[in-house]
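The following exercises concern strand pairing, helix packing and burial in one protein model. Please work through each task before reading its solution.

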Amino acid sequence: MDKNKLKNFDLSAFTQVPTGKIPPAEEFNAFKKNIAPLINLDLTNYKNTQMERRIVSLMNRCGMDNLNDYFNVLKTDSKKLEEFLNMLTINVTEFFRNPEKFQELETLYLPELLKNSRKLKVWSAGCSIGAEIYSLSMMFDKMKILNDCELIASDFDKTILEKAKNGIYSEMEVGSIGADYKKYFTSVGNDKQQVESRLRQKVKFEKRDLLNSKFEKDFDLILCRNVVIYFTDEAKDKLYKEFYDALKPGGVLFIGSTERINNHRAIGFNMKTPFFYQKEV
């Protein structure tokens, strides 16, 4: 599961506090400590309120009234553990999400980056089902630069990564794609469309926890969009600094429309336009 993101928590489940006993803080702390090695994810990096409400909801659904018993279930029941991971994280993405920003990327930032390097190194961090990295690959192919680019996409969620690698999407998932890009899909039956193999083979997919892994260097462009909105401020600061270090001088970080790097100047970024931050040259 791509817990790196801890992908965007689905807050729609939390219009009301779940019924049942609400565990005390020390019980939550013990649960987070115990569950970390089981799921390879440190939950202390995520904002407590939203996450804890989700855990309580899952605990109650299992018929448990304390987190210790719930943890013992997760240790021994692989299906319950998978349910925990699936419900704790949510993958929200789409092709060319915020299309005006992709247009800005194509017309403003990519030409600038290509002045410094004809072979762009690009990373989609928290790639989810792959819609973002395939959006880029289609754009790059249209610009006739795809063959000279290195494309990396990462997520913590192994199941989601497999979907991304396969590149198979429902008609609804590809419905918003412009006519210019429909040519990159082939019908594979049952109202499914698959990204052509040439584009799929161009992307290197990796399992990676953004908060607990070393990053490669010398990226021209990093996209991390709508991934960190439920991280603690400390975790965000650490991650954005590491993105900065992973970029080439002049490289660009493209974040989501719900996000903002408040201390971007202290890190070393210049905010060129909303959601685009450039590393100082």
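**Exercise 1: A three-stranded sheet**

Three bridges join β3 to strand β5 (residues 192–195), and the two run antiparallel. The model is predicted: local features require pLDDT of at least 70, side-chain atom pairs count only at pLDDT 80 or more, and totals for chains, interfaces and linings use all residues. Residues are numbered from 1 along each chain as its sequence is written, and side-chain values use heavy atoms, with hydrogens and water left out.

Task: Determine the strand order of the open sheet that has antiparallel pairing.

Solution.
1. Strands (E, at least two residues) and helices (H or I, at least four) are DSSP runs, numbered from the N terminus. Two strands pair if DSSP finds at least two bridges between them.
2. Within the pairing of β3 with β5, S170 has K192 of β5 as its bridge partner.
3. The open sheet has three strands in the order β3-β5-β4. Its edge strands, pairing on one side only, are β3 (168–170) and β4 (185–187).
4. Neighbouring strands of this sheet are turned by 35° against each other on average, direction ignored.
5. In the loop between β4 and β5 lies N190. Its phi is near 55°, a positive value in a residue other than glycine. N190 is exposed, with a relative accessible area of 76%; exposed means over 50%, buried under 20% and partly exposed in between, using a 1.4 Å probe and protein chains only.

**Exercise 2: Packing of two helices**

Task: Describe how helix α1 (residues 25–39) and α3 pack.

Solution.
1. Two packed helices are described by the angle between their axes and the distance between the axes. Axes are lines fitted to C-alpha atoms, for helices over the stretch in contact, and angles run from 0 to 180 degrees between N-to-C directions.
2. For α1 and α3 the angle is about 10° and the axes are 10 Å apart.
3. The two helices are therefore roughly parallel to each other, a class that takes angles under 35 degrees.
4. The contact (heavy atoms within 4.5 Å) involves E27, F28, F31, N34, I35 and L38 of α1, and L67, N68, Y70, F71, L74 and K75 of α3.
5. Helix α3 (residues 67–76) has L67, Y70, F71, V73 and L74 buried. These residues lie on the same side of α3 because they cover an arc of only 160° around the axis, the arc being that of the directions from the helix axis to the C-beta atoms.

**Exercise 3: Strands β7 to β10**

Task: State which strands pair with β7 and β10, and how far these two strands are covered.

Solution.
1. Strand β7 (residues 219–224) is mostly covered, as six of its six residues are buried.
2. Strand β1 (residues 121–125) runs parallel to β7, joined by three bridges, and V122 stands opposite L221 in β7.
3. Five bridges join β7 to β8, which also run parallel; here I222 stands opposite L253 in β8.
4. Strand β8 (residues 247–255) pairs with β10 in the antiparallel sense over three bridges, where V252 has Q278 as its bridge partner.
5. Strand β9 (residues 269–273) pairs with β10 in the antiparallel sense over four bridges, where N270 has Q278 as its bridge partner.
6. A hairpin is formed by β9 and β10 with two residues between them, and F275 in the turn has a positive phi of about 80°.
7. In β10 (residues 276–279) both faces are covered: F276 and Q278 are buried on one side, Y277 and K279 on the other.

Notes. Angles under 35 degrees count as roughly parallel, over 145 as roughly antiparallel, 65 to 115 as roughly perpendicular and the rest as oblique.
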